[in-house]
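Here is my note on the model you sent, set out as numbered points so that each can be checked separately.

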Amino acid sequence: MLEILEMSKHYGDVHAVNNLSLTIPPGEIFTMLGANGAGKTTTLMVSLGFTEPTAGTVKICGIDVTKDPLEAKKHVAYVSENVMLYGNFTARQNLEFFTKLGGRKNVSAAEYENVMDRVGLQRDAFERRVKGFSKGMRQKLGIAIAIMKDAEVILLDEPTSGLDPKSGAEFLKLLEELREEKKAIWMTTHDIFRAKQIADRVGIMVAGNLVKIFSRDELKQADLESIYVEYVSQPEVQAA
Ligand SMILES: Nc1ncnc2c1ncn2[C@@H]1O[C@H](COP(=O)(O)OP(=O)(O)OP(=O)(O)O)[C@@H](O)[C@H]1O
Ligand SMILES: [Mg+2]
């Protein structure tokens, strides 16, 4: 479970996130939409304990990320838009390295191969150095690393941005499997169509404020694209 409680993050005069409260329970996919600079990545940085909130708290499985960052980090996996990998290592070596770093021991070769298959990384890429990988291939490997950690909370920052249409569709299936496994999943995306397709709830952030949350039922009815454009175009919301 991810719990964000009255959390704000200010960088000087820039109010990147304002008084955000949001709980993502196990087995939910929450998708956050918002224009560039709306505060989505900042929320993730605070939730991961990479930066401290100006006010409020974030808890991962009940553990305060500011007070007990090492313990909290054990229960959260993160895939950034630009996945950090070791270029001179092969895909398999990166996966093994980060899996061990995540605290898992005695993982079989078959399990590593299985997860690379699951994210759709082609077999001939397993033993290739990552420095020659395309953005989408790096993202697939980043997702594999996150799955191997087997964390209860998964935070994804624009995970589909480098994926081709087929890989994007496969990725949504993978997210559904992770939901079945009762992971609490947060994903930011600019892809309204995918957000609507996969999410249990969709939020819209504007200038640091969570201005709207759609439930699954509302999503079925709503013209999400028009509503999104309406929200992000309101000058009074932008200034708030
Ligand atoms: N380390 C930092 N120092 C100063 N300002 C920052 C810092 N990180 C983020 N900001 C500011 O906080 C605001 C929110 O940025 P953030 O990266 O969270 O947006 P975002 O919603 O993820 O946008 P995008 O869709 O472009 O990824 C922006 O105004 C940004 O300039
Ligand atoms: Mg961002």
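The points below cover the basis of the model, its nonpolar cores and one lysine.

1. This is a predicted model, in which local features need pLDDT of at least 70 and side-chain atom pairs count only at pLDDT 80 or more, while totals for chains, interfaces and linings use all residues. Residues are numbered from 1 along each chain as its sequence is written, and side-chain values use heavy atoms, with hydrogens and water left out.

2. The largest nonpolar core (buried Ala, Val, Leu, Ile, Met, Phe, Trp, Tyr and Cys residues joined through side-chain atoms within 4.5 Å; buried is under 20% relative accessible area, with a 1.4 Å probe and protein chains only) has 37 residues, and those touching the most other members are Leu-95, Leu-121, Phe-133, Leu-141, Leu-156, Phe-171 and Leu-175. Elements that each supply at least two of its residues include α3 (91-101), α4 (109-118) and β7 (153-157), helices being DSSP runs of H or I of at least four residues and strands runs of E of at least two. The largest share, eight residues, comes from α5.

3. Phe-171 is in contact (heavy atoms within 4.5 Å) with Ile-143, Leu-156, Pro-159, Thr-160, Leu-163 and Met-187, leaving aside neighbours within four places in sequence. Apart from this core lies another, of 26 residues, among them Val-17, Phe-30, Ile-63 and Val-76.

4. Lys-183 sits in the loop between α6 (165-180) and β8 (184-188), and is buried, with a relative accessible area of 8%. A polar atom of the Lys-183 side chain lies 3.3 Å from the backbone oxygen of Ala-151. Not counting residues up to four places away in sequence, Lys-183 also touches residues including Pro-26, Glu-28, Asp-150 and Glu-152.

Methods
Chains lettered and ligands numbered in written order. Buried < 20%, exposed > 50% of the residue type's maximum accessible area, 1.4 Å probe, protein only. Polar contact = N/O pair within 3.5 Å; in protein donor to acceptor, adjacent residues only side chain to side chain.
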